[in-house]
Structures are given as C-alpha cells and as structure tokens.
Amino acid sequence: MAETSNNDWCEAEVATLAGDYMACLLNAHAWNLTDGSDEPDDLALDVQACGSAYLSGYLATVMHDPGSCPGAEASWDGIVDHLLQLRDSSWDAVDQVALLVSGNSVFTDQGQVVFFNNCAVDVKLMSPDLGTVDGNVIKAGDHESLTLGQFTANQANVVMVAPVTTKTECDRIQCQDWTALQPNTVQRQPSMWKEPNLLYAAYCQPTNAAAAQCLSDGASTPCCGPNMNYDRTFGTHVEITPNTPNGNDFVNLSTNSKPPELCNGTNPDNCVLPSANIFFNVPVQVEMSGGDCACGTLGQRSQLQCAAVDCTDAYTYPTDPKQCACSSGGKRGYTVTYCPDQASQLPSIPTGAGNPLTMSSGGG
C-alpha cells in the first residue's frame, strides 16, 4: 500500500474539519428554526462558535506541520485568506440547501444579494445597469450571489429575467407572431394580459436583443422574434438602490400593469412613455433579511412577492407608493427567488406545433 504523503494528511485533516464546520452551520440553522426564537442574533452567535471551533482545529493542523499544508503559507495572512474562502464557500453551500428547501437563504444578512432560480427551466438575468449579471444564466435549482458592493450605490439597479428557450420552443410558441409589442408608437395596454399573452410574455423576451444577446444560434438565448420591440422595457422588474445618503437601501418590484395616460406635459410625475415597461413575465419573490423594511402602503414587510401582472406587492403605475426603505448596513441582504413556489411556475410550452391562441397556458 502506498504511504500517505504529508500533503495528503493535511488535506484529509482540513477536509474533515471543513465537513464538521458545514455540519455545525447546518445544525445552527436547524436549531434556530426549531427552538422557537428565530432570532438572527442567536444564529450569529452559533455561527461564530462554529467558526471558532474550525479556526482552532485548522491552526492546530497547520502548526503541526506548516510545510505540509500548501496555501496556508504558514503565515497569519495565508491562514486568514484560507479561512475567508472556506467561510464563503461553506455559507454558500448552506444557503443552497436552505434555498432548495424553503426558497429563503440563511446568510444574505452578510451584505449579499442572492438570485435563486426555483423555476423548472434555466433562466437568464438581464440588466441595463449591472454588467455583472447581464446575460448570466442560472440553471434550474441553482443560484448566483453578488455582494451589495457590486451594485451601484445610490442608484436604481434594475434586473430583469427570462427563461432560456430553444429555437424549437420559440417556434412552437410562435413568438414571431407577438406583434403587440411595438416600438414607441402606441401605449402598451394592461388589457393585453389575456391568453395567449401569458405564454408569449413568459418566453418571448425582447430585452435580449437590446442587451445584444440574440446573436447565438438560439440554443441558449430566449426567443427574439423579428416583429418584437427590441428594447429594455420588458419583464418583471426587481429594483435595488443600495446605500443612499439617508442610510437606506430602496427595494421594489414593478409590473406597471395599470399605467396612467401617456406623457403629454400635463402630469410629468405620473405618466409613461409608449415604450414603458408594463409587463410581467416570471413570478418573483424578494426576501429582505436583517429586519423589516418600511414599504409605503404595504406597511412593514420582510418580503415582496409577485405571481401575476396585477400583484399587489409591485408598482402598478409609476408613482405607486410601494417602495421599501431598508436601513443599510453590513448585515442587510436580499434573496431574489424566481418561481418561488409550485403554484408560481411558468406556463407550459406546447409539446407540438400549433397556434398558442388555442392553447392553455398551463399555469399562471
């Protein structure tokens, strides 16, 4: 039998410690859910204890034979860097478990925004403001995390989404026939939101073209029909404005399903352009951790959810008073979950050729 090398010994010891650390984090989360307190401070103390136990074990391993633990560099800076990387990856793994079970994360109170795809299909994020997410694909059941520092401070950061569809699926839906989206000519009306527009809206995503994402063969890009209005105004909005001068983050959802009159100079604070976003495509939930937020007419809230174009948690016209003001801080975080539950999945795509005008959407 081959003799175990020193490096193998170190890796085995650290792997055992890392497994114990993640198990400790999961147990801390489970205890926080079942002891009746559900207090973030209690969880933070337990997580700190997990970290202290891991730190003690890791230091003992490194000091036993510094040369056998590459990466630790036998220096305090190297050890700290290793621990931070392990902490982030461990928290990410625990979050993944929590997201899959409940759609809620555990560690978004660490200054993160987590985008979790609970839809049955892959989705693509699109943003006119954030290059870090514009065009990113999130697999079904997977997630992507950003720090709040990756968002532009004191500016509205808009994120839209679309399911990833194949050319064959686009042909089945007949996205090219959705001519109701016209560029800057007539106001888009909420009355359009009837069958088959639910199916069209879910999968025929014109925002892709504006983001220069319709240049592939269609295998990994949502539908881009030739008759669509190629702009960045389509889809359910998630909007996050972090670190404003008054000490708040601002968060809101928007469908603008009941727009007022077109802008004609008479009421510039409450009107819309012909190209205004008034559409809903993918159900979404935003969880705001770190304490309740003051959400205008919605009152104190820790969560916003939108499963339909006329959902009450979203802006339905430009000055709808539903923006959430959340006190900024390092422990504030947000989880954006697409298709948050089984009842809010996307409509079913027809399995064969046909006219969607005669087909049921298969969902809401």
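Q: What makes the pair Cys-293 and Cys-326 a disulfide?
A: The two sulfur atoms sit 2.0 Å apart, and a disulfide is a pair of cysteine sulfur atoms within 2.5 Å, so the pair qualifies. Just so you know what you're looking at, this is a predicted model, where local features need pLDDT of at least 70 and side-chain atom pairs count only at pLDDT 80 or more, while totals for chains, interfaces and linings use all residues. Residues are numbered from 1 along each chain as its sequence is written, and side-chain values use heavy atoms, with hydrogens and water left out.

Q: Is the disulfide of Cys-293 and Cys-326 right-handed or left-handed, and why?
A: The torsion about its S-S bond is about 110°, so this one is right-handed. The link spans distant parts of the chain, with Cys-293 in strand β9 (residues 293-294) and Cys-326 in strand β12 (residues 324-327), 33 residues apart. Strands here are DSSP runs of E with at least two residues, and helices are runs of H or I with at least four, numbered from the N terminus.

Q: Why does Cys-293 count as buried or exposed?
A: Cys-293 has a relative accessible area of 0%. Buried means under 20%, exposed over 50% and partly exposed in between (1.4 Å probe, protein chains only), so Cys-293 is buried. Its partner Cys-326 is also at 0% and gets the label buried too.

Q: How do you know that Cys-24 and Cys-50 are joined?
A: Their sulfurs are 2.0 Å apart, which makes a disulfide. With -80° about the S-S bond, this link is left-handed. Cys-24 lies in helix α1 (residues 6-34) and Cys-50 in helix α2 (residues 40-64), so the bond ties together parts 26 residues apart in sequence. As for cover, Cys-24 is partly exposed at 28%, whereas Cys-50 is buried at 4%.

Q: What makes Cys-306 and Cys-311 count as a disulfide?
A: The S to S distance is 2.1 Å, and that meets the rule. The torsion of -90° makes it left-handed. Both ends come out buried, Cys-306 at 0% and Cys-311 at 9%. By this rule the count comes to five disulfides.

Q: Why is the pair Asp-313 and Arg-301 called a salt bridge?
A: The N to O distance is 2.7 Å, and a salt bridge is a side-chain nitrogen of Lys or Arg within 4 Å of a carboxyl oxygen of Asp or Glu, so the name fits. Asp-313 lies in the loop between β11 (303-306) and β12, and Arg-301 in strand β10 (residues 300-301), so the pair ties together parts that are twelve residues apart in sequence. Asp-313 is buried at 9%, while Arg-301 is partly exposed at 21%.

Q: How do you know that Asp-122 and Lys-139 form a salt bridge?
A: Their closest N and O atoms are 3.4 Å apart. Asp-122 sits in the loop between β1 (112-117) and β2 (123-126) and Lys-139 in the loop between β3 (137-138) and β4 (143-147), so parts 17 residues apart in sequence get tied together. Asp-122 is partly exposed at 23%. Asp-320 and Lys-322 also meet in a salt bridge, at 3.2 Å, with Asp-320 buried at 5% and Lys-322 buried at 11%. In total there are three salt bridges.

Q: What makes a group of residues a nonpolar core?
A: The members are buried Ala, Val, Leu, Ile, Met, Phe, Trp, Tyr and Cys residues joined through side-chain atoms within 4.5 Å. The largest one has 44 residues, of which Phe-115, Met-288 and Tyr-338 touch the most other members. Helix α5 (residues 197-203) gives the most to this core, with four residues. Apart from it lies another core, of 20 residues, including Cys-10 and Cys-50.

Q: Why does Val-101 count as buried or exposed?
A: Val-101 has 72% relative accessibility, so it counts as exposed. Val-101 is found in helix α3 and joins Leu-26, Val-97 and Leu-100 in a nonpolar surface patch of about 360 Å². Patches are made of residues with over 30% relative accessible area and no salt bridge, with nonpolar side chains (Val, Leu, Ile, Met, Phe, Trp, Tyr) joined within 5 Å and like charges within 9 Å. The areas come from the Shrake-Rupley method with a 1.4 Å probe, and for residues only the protein chains shown count as cover. Helix α3 (residues 76-102) gives the most to the patch, with three residues.
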